[in-house]
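Biologist: I would like to learn how to read a structure feature by feature, with the general idea explained ahead of each case. Could you take me through one?

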Amino acid sequence: MRGVEVYYESRRPFADENYRLAAAVLDGALRGLAASGHPSVNRGIIDAACWRNFQGRCVGLFVLSPGGATVAPNGAASTQVKEATNMPAALLETLFVSSPDDAALLREDAVRTAVARGIADGVLRYLGVRA
């Protein structure tokens, strides 16, 4: 597996903003990689509301789940998310260390810097700020 993917949560009250943020940072990360001379695979935007099926139950991604949601991080016992943030959120997976090609890229300072700048540009675009 290699590339870049981003998770958002559709069960939150501002799900549309979560998705918009996810799209902006994904685009920024991919642009950053391309600008560094290393275009990557776009693995897309994934709804974390049903991140994993655990014992026949749909479990959300813990860090993005809405308040009151029951999740099972890493397949462990169920946990209740007491309070979620009150702002849009996305979780970006930028390259995979399990992929030899991606791992090699992650060792390059110039690639990490280009990806970080791309993500920052994506956040600024999301906020409506010119970079």
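Modeller: Gladly, and please keep in mind from the start that this is a predicted model. Let us begin with one residue: Arg-2 counts as partly exposed, because its relative accessibility is 28%, and it belongs to the segment before strand S1.

Biologist: Which residue forms a salt bridge with Arg-2?

Modeller: The general idea is that side chains of opposite charge can pair when their charged atoms come close. Here the partner of Arg-2 is Asp-102, and the closest N and O atoms of the two are 3.0 Å apart. The pair joins distant parts of the chain, since Asp-102 sits in helix H2 (residues 100–106), 100 residues apart from Arg-2. Asp-102, with a relative accessibility of 0%, counts as buried.

Biologist: How many salt bridges does the structure hold?

Modeller: There are 7 salt bridges in the structure, and one of them brings together the side chains of Glu-9 and Arg-11, at 2.8 Å from N to O. In that pair Glu-9 is buried, because its relative accessible area is 0%, whereas Arg-11, at 38%, is partly exposed.

Biologist: Where in the helices should I look for a further case?

Modeller: Look at helix H3, where the side chains of Asp-109 and Arg-112 meet in a salt bridge of 2.2 Å, N to O. These two are 3 residues apart in the helix, so about one helical turn separates them. Asp-109 has a relative accessible area of 51% and is therefore exposed, while Arg-112, at 38%, counts as partly exposed. Elsewhere, Asp-27, Arg-31 and Arg-125 are joined into one network by salt bridges that share partners.

Biologist: Now the strands, please: in what order do they form a sheet?

Modeller: Strands of a sheet pair through backbone hydrogen bonds, either parallel or antiparallel. In this model, 3 strands form an open sheet in the order S2-S1-S7, with mixed pairing. S2 and S7 are the edge strands, each pairing on one side only, and the twist from one strand to the next averages 10°. Between S1 and S7 the pairing is antiparallel, over 4 bridges, and Glu-5 has Glu-93 of S7 as its bridge partner.

Biologist: How does helix H1 lie relative to these strands?

Modeller: H1 lies across S1, S2 and S7, and it runs at about 165° to S1. The buried residues of H1 include Leu-21, Val-25, Leu-26 and Leu-33, and what covers the buried residues of this helix includes S1, S2, S7 and helix H3.

Biologist: Why does the distance between the ends of H1 agree with its number of residues?

Modeller: H1 takes in 21 residues (residues 15–35), which at 1.5 Å a residue should span 30 Å, and this agrees because the end C-alpha atoms are indeed 30 Å apart. After the helix comes Gly-37, with a positive phi near 90°.

Biologist: Which residue has a positive phi although it is not a glycine?

Modeller: As a general guide, most residues other than glycine have a negative phi. Leu-95 has a positive phi of about 70°, although it is not a glycine. You will find Leu-95 in the loop between S7 and H2, and it counts as buried because its relative accessible area, 5%, falls under the 20% limit.

Note on methods
Residues are numbered from 1 along each chain as its sequence is written. This is a predicted model: local features need pLDDT of at least 70, side-chain atom pairs count only at pLDDT 80 or more; totals for chains, interfaces and linings use all residues. Side-chain values use heavy atoms; hydrogens and water are left out. The expected span of a helix is 1.5 Å times one less than its number of residues. Buried means under 20% relative accessible area, exposed over 50%, partly exposed in between (1.4 Å probe, protein chains only). Contact means heavy atoms within 4.5 Å. A salt bridge is a side-chain nitrogen of Lys or Arg within 4 Å of a carboxyl oxygen of Asp or Glu. Two strands pair if DSSP finds at least two bridges between them. Axes are lines fitted to C-alpha atoms, for helices over the stretch in contact, and angles run from 0 to 180 degrees between N-to-C directions.
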